[in-house]
Amino acid sequence: GLFVTDYFTRTPRKLSPFRSFASIELFHFHIPEDTVIAVWNLITFKEQGGTFGDQCPDRSITVYFRSGAPSVINPLHTHFPRDTAVPGSFALTLTWTLPNRTTGVFNVTSPLPGDWFLAAHLPKDEGKISVKGLYEECQYLFQPQLIVQRLVNIAVLYPGHVTEQSMAPHNRSCLYKVFVPSYTSRVLVEVLRCRGAGGCPLWLRVRAKAPPLHNSTTLDCREHTPCQLAQDLPFWQHWYYVLVEKHPGVPGTVSFQVTVQLTDCSRPSLARPPFLPSSASMNMPHSFGSAGGLALGDSPPPTSPNDTKHPVPIPVTSHTGERCWPVRPTLRNELDTFSVHFYIFFGPNVSVPPDRPAVFVINLLPVLDSGGVLNLELRLNVSSLCGENVTVFGCLNHEVPLTSSDNTSVTCETESLAGFLLSVNATASLSRLRIPYPQTGSWYLSLRSLCATEHGFEPCTNVTAEVYLRAYLSPCINDCGIYGQCKLLRTNNYLYAACECKAGWNGWGCTDNAEAFSYGFQLLSTLLLCLSNVMFVPPVAIAVRSHYLLEAAVYIFTMFFSTFYHACDQPGIVVFCIMEYDVLQFCDFLGSLMSVWVTVIAMARLQPIVKQASVLYLLGAMLLSMALQMDRHGLWNLLGPSLFALGIMAVAWTARTIRRRHCYPPTWKRWAFYLCPGALIAAAAVLLYAFVETEENYFYIHSIWHLLIAGSVGFLLPPRAKPSRRLGPLPRRKGCGYQLCVNEQEELGLVDPAVASINSICTS
């Protein structure tokens, strides 16, 4: 056949260490139908400061692949919440082959068509809190590229029609596909009139959704006569691919015929007729099966004189239990993003008769619904059992309902079909199932009741069980509990939700308490971070005593908002917020920087030099507010105003030193007992904040930071200015003069200056 190659790529993204699924980078691809091979080229490179990061350490990169929905990963080996199903995925670890670049390749032969998702992350680190802009951070960028090769013009087989084929000596295989509509219980593929060297030297392989692989369902036509391959419970509304492959080393041409027969489960004794009108054309609802065994969506194929003949009758053996039951639809009610409820008509209480299953369908929309959690809940009404030992089993299967002919079977899986089992009885009347990141499409829930006896389960008689059924889609499992936050994330045009845990809790639903903080530890960390701000009381007292009232007001502001910001910023349950978190954070950061600003300006003693020194206080407040609004965690946005204040202080001290021709401050005691200790304490606080603080030691290192900063302010704040010792004004020379005594109300702007009265005229 003819091959077509398609190429897809994604923009490089920076990878982060894994903490939760919210920290991974997710990539979305779409693989077209009839793809025979997909090759992912995984490119990873390092960057540091805009250049190649040759000096960056090698950190392994883990990549996960999954078809239909994002991967449910657990690299930290935490516990999943109860009643949670974990779907599988492929995983690949990339190692570095070059100092700043590495490449990995992941091949998938005959991949499933549709959506594919890649998730990538770095290994977990120690959680160091780095100051933004302090140094050039090593960045690990990941870029996946996809190359697919697909076949075009694959021959289509039509049910009930015979297709003739001659395989030339240089050809090894022939590929066909047939569409399987809804309510098909069996697909039978048969090779007829096979002629070749040594009988029928052919392999017959069948696979759903994609071309067959070496491990697909296979039949050797040499050993089986007739050469028939059957697929029970096929996937509905999908293509099935048929591969006829010649044995290696067979000379000459091999001729054969291929035909496909589909069994309609509404009439299992008959094959699906090829020329009957579809139920859709007769306005019959698909959820209740075909009307009178009519085909669903079949149309007569185009006739061809070379390879297609008239339909031939194929004997079909009647299989008991292949009868399909009516499928009850559900009503979709969208409340919000990933918040969807599926309501059952005449529900939510459903009756499960003893002689047949009750089947329901839940339709998940492509792409839109795969980023949440599918929740299913069964609750048995014990009073409806009439004293019988009844167990209601539920099988949840994707794309086809499981209707087993064995009434005593309690499994939800077959050789080609996987499912999830739920059960409720008089003892355990409640059962739940959670599927994170479910595959989209139709999910079928089959409920049936069996009675427990000494010999196992047997069909019940005259007992109709009543079950409360609830199905809904939620963003996260139990909204991540009290120790987590459910975050709505986006990658390009794809939305998904994930939990971000706190206070040492881990897991997909923040339910793993192996490393959780105890209540006492949370209370201790909160008290340390809050009460350490009491260290600002001595600087406030010193400022008031030295008549630095503005500085004292700033220190009180800082102490107040730092206390309540840290009380609101706690990760656990010991939390107290008097305002919105963003307001408290802004005021805490502003107060901290303003404390540094007013302290340095006070140390400069600008009043004798600059008459309007208070302008600098207002200027600092405006500059710091602007810097915090731009980036609260940026280094230079915060360090710039502080350096500017230090520059003003240095200029003022230099001017005094030059004017007095003596070092300022003039006394060695001021340097030895106040300035040097205060500067050392402040430097130690900055070093702890920038290089030592991590997420694990945050509560006590940051508390020490509070103590050191407040202590340094107490040392650095200058003493009260001494009164001036200059001589008073000389006595005025006697002569004529006068003094205007203006009304005090005029000074306050309370009267019109035009009518101001002169209270007295003093003459001498």
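## Exercises on a predicted model

C395 and C412 are joined by a disulfide whose sulfur atoms lie 1.9 Å apart, in a model that is predicted.

**Exercise 1.** Work out which parts of the chain the disulfide of C395 and C412 ties together, and state the handedness of the link.

*Solution.* Begin with the bond itself: a disulfide is a covalent bond between the sulfur atoms of two cysteines. The structure holds 9 disulfides, and the sulfur atoms of C395 and C412 are 1.9 Å apart, which is within the 2.5 Å that the assignment requires. Next, place the two residues: C395 belongs to strand β26 (residues 390-398), while C412 sits in the loop between β26 and β27 (419-424), so the link ties together parts that are 17 residues apart in sequence. Finally, read the angle about the S-S bond, which is -80 degrees and makes the link of C395 and C412 left-handed.

**Exercise 2.** Decide for C395, C412, C501 and C510 whether each is buried or partly exposed.

*Solution.* The step needs one cut-off, namely that a residue is buried under 20% relative accessible area and exposed over 50%, with partly exposed in between. C395 has a relative accessible area of 5% and is therefore buried, and C412, at 3% relative accessibility, counts as buried too. Turning to the disulfide that joins C501 to C510, with an S to S distance of 2.0 Å, C501 has a relative accessible area of 22% and is therefore partly exposed, whereas C510, with 6%, is buried.

**Exercise 3.** Give the handedness of the links C451 to C460 and C501 to C510, and find which UniProt feature is placed at residues 499-510.

*Solution.* C451 and C460 are joined by a disulfide with an S to S distance of 2.0 Å, and both of these residues are buried. The angle about their S-S bond is 125 degrees, and the link is right-handed. For C501 and C510 the angle is -95 degrees, and the link is left-handed. UniProt, in an unreviewed entry, places the feature "domain: EGF-like" at residues 499-510. Over residues 499-510 the chain is 0% helix and 25% strand, and the end C-alpha atoms are 7 Å apart.

**Exercise 4.** Find which residue of β8 is the bridge partner of N41, and say which face of β8 that residue belongs to.

*Solution.* Strand β4 (residues 35-48) runs antiparallel to β8, and 9 bridges join the two. Among the pairings, N41 has V105 in β8 as its bridge partner. To place V105, recall that in a regular strand the side chains alternate between the two faces of the sheet. In β8 (residues 101-109) the covered face holds T102, G104, F106 and V108, and the uncovered face holds R101, T103, V105, N107 and T109. V105 thus belongs to the uncovered face.

**Exercise 5.** Describe how helix α1 and helix α8 are arranged, and compare the records for residues 516-536 and 671-692 with the model.

*Solution.* Two packed helices are described by the angle between their axes and the distance between the axes. The axes of α1 (residues 519-531) and α8 (residues 698-716) come within 8 Å and cross at roughly 15 degrees, which means that α1 is roughly parallel to α8. The crossing in which α1 passes α8 is left-handed. As for the records, an unreviewed UniProt entry lists "transmembrane region" at several spans, including 516-536, 671-692 and 698-717. Residues 516-536 are 62% helix and 0% strand, with end C-alpha atoms 32 Å apart, while residues 671-692 are 100% helix and 0% strand, with end C-alpha atoms 28 Å apart.

Methods. Residues numbered from 1 in each chain as written. Predicted model: local features only at pLDDT ≥ 70, side-chain atom pairs only at ≥ 80, totals over all residues. Heavy atoms only, no water. Helix = DSSP H or I, 4+ residues; strand = E, 2+ residues; numbered from the N terminus. Buried < 20%, exposed > 50% of the residue type's maximum accessible area, 1.4 Å probe, protein only. UniProt positions renumbered as here; feature names shortened; annotations may be inferred. Pairing = 2+ DSSP bridges. Axes fitted to C-alpha atoms, helices over the stretch in contact; angles between N-to-C directions. Parallel < 35°, antiparallel > 145°, perpendicular 65-115°, else oblique. Left-handed = near helix turned anticlockwise from the far one by under 90°.
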